[in-house]
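Work through the exercises below with the sequence and the 3D view at hand. Each task is followed by a solution in steps.

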Amino acid sequence: MKSTLSSKTFDNQESTTKSPQTRYGLKILYLFTYNLIQFCGYSWISTNITARFLTFGEDSLVDTYHSIGTVMSFCQLLSILELIHILIGIEQSPFLPRLVQVTERNIILFVVITSQEEMQAKPTVWGLFSLWSTLDVIKYPHRMLSIVGTDLYTLSWIHHCLWIPLLPSILLTEVIAIYQSLPYFEALGTYSFQLPKPIAVPIHFPYVLQLYCPILVIGTYISCRHFYEERKLNIRRYTKKLKQK
(Lines give C-alpha, C1' and ligand atoms only; values in the text may rest on other atoms or scores of the structure.)
Protein backbone atom coordinates (compact mmCIF):
# COMPACT_ATOMS: atom_id res chain seq x y z
CA MET A 1 0.00 0.00 0.00
CA LYS A 2 2.81 2.38 0.96
CA SER A 3 4.74 1.50 -2.18
CA THR A 4 1.74 2.30 -4.41
CA LEU A 5 1.18 5.60 -2.62
CA SER A 6 4.83 6.53 -2.90
CA SER A 7 4.87 5.65 -6.61
CA LYS A 8 1.78 7.79 -7.19
CA THR A 9 3.26 10.73 -5.35
CA PHE A 10 6.51 10.27 -7.28
CA ASP A 11 4.57 10.25 -10.56
CA ASN A 12 2.71 13.39 -9.53
CA GLN A 13 5.94 15.12 -8.58
CA GLU A 14 7.53 14.06 -11.83
CA SER A 15 4.58 15.37 -13.85
CA THR A 16 4.62 18.70 -12.03
CA THR A 17 8.34 19.10 -12.57
CA LYS A 18 8.00 18.30 -16.25
CA SER A 19 5.01 20.60 -16.88
CA PRO A 20 6.98 23.90 -16.86
CA GLN A 21 9.30 22.44 -19.50
CA THR A 22 6.56 21.09 -21.77
CA ARG A 23 4.09 23.96 -21.30
CA TYR A 24 5.89 26.13 -23.84
CA GLY A 25 6.21 23.52 -26.55
CA LEU A 26 5.75 23.96 -30.27
CA LYS A 27 1.96 23.65 -30.11
CA ILE A 28 1.66 26.30 -27.39
CA LEU A 29 4.06 28.59 -29.23
CA TYR A 30 2.04 28.24 -32.45
CA LEU A 31 -1.32 28.91 -30.76
CA PHE A 32 0.11 31.87 -28.85
CA THR A 33 1.55 33.33 -32.08
CA TYR A 34 -1.74 32.82 -33.94
CA ASN A 35 -3.74 34.60 -31.23
CA LEU A 36 -1.12 37.36 -31.06
CA ILE A 37 -1.43 37.98 -34.82
CA GLN A 38 -5.22 38.16 -34.52
CA PHE A 39 -4.95 40.48 -31.54
CA CYS A 40 -2.61 42.81 -33.45
CA GLY A 41 -4.94 42.79 -36.46
CA TYR A 42 -8.08 43.62 -34.51
CA SER A 43 -6.22 46.18 -32.38
CA TRP A 44 -5.15 47.92 -35.60
CA ILE A 45 -8.74 47.83 -36.88
CA SER A 46 -10.22 49.14 -33.63
CA THR A 47 -7.62 51.90 -33.31
CA ASN A 48 -8.07 53.04 -36.92
CA ILE A 49 -11.86 53.06 -36.68
CA THR A 50 -11.71 55.19 -33.53
CA ALA A 51 -9.00 57.54 -34.85
CA ARG A 52 -10.74 58.07 -38.18
CA PHE A 53 -14.08 58.75 -36.51
CA LEU A 54 -12.52 61.29 -34.12
CA THR A 55 -10.67 62.96 -37.01
CA PHE A 56 -13.23 62.93 -39.84
CA GLY A 57 -16.49 62.43 -37.96
CA GLU A 58 -19.41 61.01 -39.96
CA ASP A 59 -17.38 61.19 -43.20
CA SER A 60 -15.29 58.28 -41.94
CA LEU A 61 -18.34 55.99 -41.97
CA VAL A 62 -18.49 56.00 -45.76
CA ASP A 63 -15.01 54.68 -46.56
CA THR A 64 -14.53 52.30 -43.63
CA TYR A 65 -14.40 49.27 -45.93
CA HIS A 66 -11.90 50.83 -48.33
CA SER A 67 -9.62 51.83 -45.45
CA ILE A 68 -9.88 48.76 -43.21
CA GLY A 69 -11.48 46.05 -45.36
CA THR A 70 -8.20 44.41 -46.41
CA VAL A 71 -7.02 43.84 -42.84
CA MET A 72 -10.49 42.71 -41.74
CA SER A 73 -10.63 40.24 -44.64
CA PHE A 74 -7.21 38.88 -43.68
CA CYS A 75 -8.25 38.39 -40.04
CA GLN A 76 -11.52 36.72 -41.00
CA LEU A 77 -9.88 34.34 -43.46
CA LEU A 78 -7.22 33.54 -40.87
CA SER A 79 -9.94 32.65 -38.36
CA ILE A 80 -10.75 29.56 -40.48
CA LEU A 81 -7.61 28.06 -38.95
CA GLU A 82 -9.44 27.96 -35.61
CA LEU A 83 -11.76 25.28 -37.00
CA ILE A 84 -8.75 23.26 -38.14
CA HIS A 85 -7.15 23.68 -34.70
CA ILE A 86 -10.19 22.08 -33.05
CA LEU A 87 -10.54 19.32 -35.66
CA ILE A 88 -6.92 18.17 -35.39
CA GLY A 89 -7.00 18.43 -31.59
CA ILE A 90 -4.42 21.13 -30.85
CA GLU A 91 -7.13 23.33 -29.29
CA GLN A 92 -9.73 22.02 -26.86
CA SER A 93 -12.96 23.90 -27.56
CA PRO A 94 -16.51 23.05 -28.72
CA PHE A 95 -16.57 22.93 -32.51
CA LEU A 96 -20.16 24.08 -33.22
CA PRO A 97 -20.03 27.52 -31.53
CA ARG A 98 -16.70 28.28 -33.22
CA LEU A 99 -18.07 27.11 -36.60
CA VAL A 100 -21.06 29.43 -36.18
CA GLN A 101 -18.89 32.43 -35.29
CA VAL A 102 -16.43 31.92 -38.15
CA THR A 103 -18.91 31.11 -40.93
CA GLU A 104 -21.46 33.84 -40.15
CA ARG A 105 -18.79 36.55 -40.21
CA ASN A 106 -17.23 35.29 -43.43
CA ILE A 107 -20.61 35.07 -45.14
CA ILE A 108 -21.56 38.61 -44.10
CA LEU A 109 -18.16 40.05 -45.01
CA PHE A 110 -17.41 38.30 -48.29
CA VAL A 111 -20.88 37.49 -49.66
CA VAL A 112 -22.99 40.42 -48.46
CA ILE A 113 -20.47 43.29 -48.30
CA THR A 114 -17.47 42.54 -50.53
CA SER A 115 -19.52 41.29 -53.50
CA GLN A 116 -21.66 44.46 -53.60
CA GLU A 117 -19.74 47.70 -54.10
CA GLU A 118 -22.74 49.80 -53.04
CA MET A 119 -22.82 48.04 -49.65
CA GLN A 120 -19.22 48.94 -48.92
CA ALA A 121 -20.09 52.62 -48.38
CA LYS A 122 -22.90 51.92 -45.90
CA PRO A 123 -22.52 53.07 -42.25
CA THR A 124 -23.60 49.52 -41.34
CA VAL A 125 -20.13 48.34 -42.35
CA TRP A 126 -18.61 50.76 -39.82
CA GLY A 127 -20.96 49.40 -37.15
CA LEU A 128 -20.12 45.78 -37.93
CA PHE A 129 -16.37 46.33 -38.02
CA SER A 130 -16.54 48.25 -34.73
CA LEU A 131 -18.54 45.53 -32.97
CA TRP A 132 -16.44 42.65 -34.32
CA SER A 133 -13.14 44.32 -33.40
CA THR A 134 -14.38 45.32 -29.93
CA LEU A 135 -15.27 41.72 -29.13
CA ASP A 136 -12.07 40.24 -30.56
CA VAL A 137 -9.64 42.77 -29.12
CA ILE A 138 -10.57 41.31 -25.71
CA LYS A 139 -11.08 37.69 -26.80
CA TYR A 140 -7.64 37.05 -28.29
CA PRO A 141 -5.48 38.37 -25.42
CA HIS A 142 -7.65 36.35 -23.02
CA ARG A 143 -6.90 33.24 -25.09
CA MET A 144 -3.20 34.11 -25.19
CA LEU A 145 -3.02 34.25 -21.40
CA SER A 146 -5.08 31.07 -21.06
CA ILE A 147 -2.69 29.22 -23.38
CA VAL A 148 0.32 29.98 -21.16
CA GLY A 149 -1.64 29.25 -17.97
CA THR A 150 -1.95 32.86 -16.82
CA ASP A 151 -5.22 34.33 -15.60
CA LEU A 152 -5.77 38.09 -15.35
CA TYR A 153 -8.98 38.64 -13.39
CA THR A 154 -9.96 41.99 -14.96
CA LEU A 155 -9.43 40.79 -18.53
CA SER A 156 -11.24 37.53 -17.81
CA TRP A 157 -14.19 39.39 -16.26
CA ILE A 158 -14.46 41.72 -19.29
CA HIS A 159 -14.22 38.76 -21.68
CA HIS A 160 -17.02 36.87 -19.91
CA CYS A 161 -19.31 39.92 -19.72
CA LEU A 162 -18.68 41.80 -22.98
CA TRP A 163 -20.58 39.28 -25.12
CA ILE A 164 -23.85 40.04 -23.29
CA PRO A 165 -24.45 43.41 -25.02
CA LEU A 166 -22.29 42.77 -28.10
CA LEU A 167 -23.68 39.51 -29.53
CA PRO A 168 -27.30 40.77 -29.83
CA SER A 169 -25.96 44.04 -31.29
CA ILE A 170 -23.89 42.11 -33.84
CA LEU A 171 -26.91 40.00 -34.79
CA LEU A 172 -29.07 43.10 -35.32
CA THR A 173 -26.38 44.82 -37.41
CA GLU A 174 -25.82 41.72 -39.55
CA VAL A 175 -29.55 41.40 -40.26
CA ILE A 176 -29.70 45.10 -41.19
CA ALA A 177 -26.74 44.60 -43.56
CA ILE A 178 -28.52 41.67 -45.22
CA TYR A 179 -31.73 43.63 -45.78
CA GLN A 180 -29.80 46.64 -47.09
CA SER A 181 -28.07 44.39 -49.63
CA LEU A 182 -31.26 42.78 -50.98
CA PRO A 183 -32.07 45.52 -53.57
CA TYR A 184 -28.54 45.26 -55.02
CA PHE A 185 -28.69 41.47 -55.31
CA GLU A 186 -32.16 41.87 -56.82
CA ALA A 187 -31.03 44.39 -59.44
CA LEU A 188 -27.73 42.75 -60.41
CA GLY A 189 -28.77 39.12 -60.03
CA THR A 190 -25.54 38.27 -58.20
CA TYR A 191 -25.33 34.58 -57.18
CA SER A 192 -28.80 33.89 -58.61
CA PHE A 193 -28.84 30.91 -60.98
CA GLN A 194 -30.99 28.14 -62.40
CA LEU A 195 -30.52 24.47 -61.59
CA PRO A 196 -29.82 22.21 -64.58
CA LYS A 197 -32.49 20.04 -66.19
CA PRO A 198 -34.58 18.07 -65.39
CA ILE A 199 -35.07 20.17 -62.22
CA ALA A 200 -34.60 23.59 -63.88
CA VAL A 201 -35.60 25.50 -60.73
CA PRO A 202 -34.34 29.09 -60.45
CA ILE A 203 -32.46 29.95 -57.25
CA HIS A 204 -33.15 33.57 -56.34
CA PHE A 205 -30.31 34.65 -54.06
CA PRO A 206 -32.24 37.40 -52.19
CA TYR A 207 -34.62 34.68 -50.98
CA VAL A 208 -31.63 32.63 -49.82
CA LEU A 209 -30.36 35.62 -47.82
CA GLN A 210 -33.76 36.12 -46.21
CA LEU A 211 -33.81 32.45 -45.22
CA TYR A 212 -30.34 32.90 -43.77
CA CYS A 213 -31.58 35.48 -41.22
CA PRO A 214 -33.31 32.86 -38.99
CA ILE A 215 -30.12 30.78 -39.19
CA LEU A 216 -28.22 33.82 -37.87
CA VAL A 217 -30.62 33.99 -34.93
CA ILE A 218 -30.08 30.29 -34.15
CA GLY A 219 -26.31 30.75 -34.49
CA THR A 220 -26.34 33.69 -32.08
CA TYR A 221 -28.31 31.61 -29.59
CA ILE A 222 -25.68 28.83 -29.83
CA SER A 223 -22.88 31.37 -29.29
CA CYS A 224 -24.67 32.99 -26.35
CA ARG A 225 -25.27 29.62 -24.73
CA HIS A 226 -21.59 28.72 -25.15
CA PHE A 227 -20.40 32.02 -23.66
CA TYR A 228 -22.93 31.66 -20.83
CA GLU A 229 -21.60 28.21 -19.90
CA GLU A 230 -18.05 29.56 -20.00
CA ARG A 231 -19.08 32.44 -17.75
CA LYS A 232 -20.69 30.06 -15.21
CA LEU A 233 -17.53 27.94 -15.07
CA ASN A 234 -15.40 31.04 -14.65
CA ILE A 235 -17.56 32.36 -11.78
CA ARG A 236 -17.49 28.93 -10.11
CA ARG A 237 -13.70 28.78 -10.40
CA TYR A 238 -13.20 32.20 -8.86
CA THR A 239 -15.67 31.39 -6.07
CA LYS A 240 -13.61 28.30 -5.19
CA LYS A 241 -10.43 30.39 -5.14
CA LEU A 242 -12.00 32.92 -2.78
CA LYS A 243 -13.20 30.16 -0.44
CA GLN A 244 -9.73 28.61 -0.36
CA LYS A 245 -8.25 31.96 0.66
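**Exercise 1: the length of a helix**

Task: What span should the 36 residues of helix H7 (residues 153-188) have at 1.5 Å a residue, and how far apart are the end C-alpha atoms?

Solution. The model is a predicted one. The expected span of a helix is 1.5 Å times one less than its number of residues. For the 36 residues of H7 this gives 52 Å, and the end C-alpha atoms lie 51 Å apart, so the two values agree.

**Exercise 2: irregular points in and after H7**

Task: Where in H7 does a kink lie, and which proline comes shortly after the kink?

Solution. Step 1: the kink is at Trp163 and amounts to about 35°. Step 2: the proline that follows shortly is Pro165. Step 3: move on to the residues past the helix. Gly189, just after H7, has a positive phi of about 70°. In the loop between H7 and S1 sits Tyr191. The phi of Tyr191 is also positive, near 70°, although Tyr191 is not a glycine.

**Exercise 3: a peptide bond**

Task: Is the peptide bond from Lys197 to Pro198 cis or trans?

Solution. Step 1: omega for this bond is near 10°, and the bond from Lys197 to Pro198 is cis. Step 2: to place the bond, find Pro198 in the loop that joins strand S1 (193-194) and strand S2 (202-203).

**Exercise 4: H7 against H8**

Task: How are H7 and helix H8 (residues 205-244) oriented, given an angle of about 180°?

Solution. Step 1: the axes are 10 Å apart where the two helices pack. Step 2: an angle over 145 degrees counts as roughly antiparallel. H7 is therefore roughly antiparallel to H8. Step 3: sorted by class, the residues in the contact of H7 with H8 are 22 nonpolar, eight polar and four charged.

**Exercise 5: H2 against H4**

Task: Which residues of H2 meet which residues of H4?

Solution. Step 1: the axes of helix H2 (residues 26-56) and helix H4 (residues 80-88) cross at roughly 160° and come within 12 Å. H2 is therefore roughly antiparallel to H4. Step 2: the crossing of H2 past H4 is left-handed. Step 3: from H2, Tyr30, Leu31, Tyr34 and Gln38 meet Leu81, Glu82 and His85 of H4. This contact of H2 with H4 holds four nonpolar, two polar and one charged residues.

**Exercise 6: H3 against H6**

Task: What is the orientation of H3 to H6?

Solution. Step 1: helix H3 (residues 64-78) packs on helix H6 (residues 123-147) at about 40°, the axes being 11 Å apart. Step 2: H3 and H6 are therefore oblique to each other, and H3 passes H6 in a left-handed crossing. Step 3: in H3, Thr64, Tyr65, Ile68, Gly69, Met72 and Gln76 meet Val125, Trp126, Phe129 and Trp132 of H6. Seven residues of this contact of H3 with H6 are nonpolar, three are polar and none is charged.

Conventions
Residues numbered from 1 in each chain as written. Predicted model: local features only at pLDDT ≥ 70, side-chain atom pairs only at ≥ 80, totals over all residues. Heavy atoms only, no water. Axes fitted to C-alpha atoms, helices over the stretch in contact; angles between N-to-C directions. Helix = DSSP H or I, 4+ residues; strand = E, 2+ residues; numbered from the N terminus. Parallel < 35°, antiparallel > 145°, perpendicular 65-115°, else oblique. Left-handed = near helix turned anticlockwise from the far one by under 90°. Contact = heavy atoms within 4.5 Å. Nonpolar A, V, L, I, M, F, W, Y, C, P; charged D, E, K, R; others polar. Bend = angle between axes of the 7 residues up to and from the residue.
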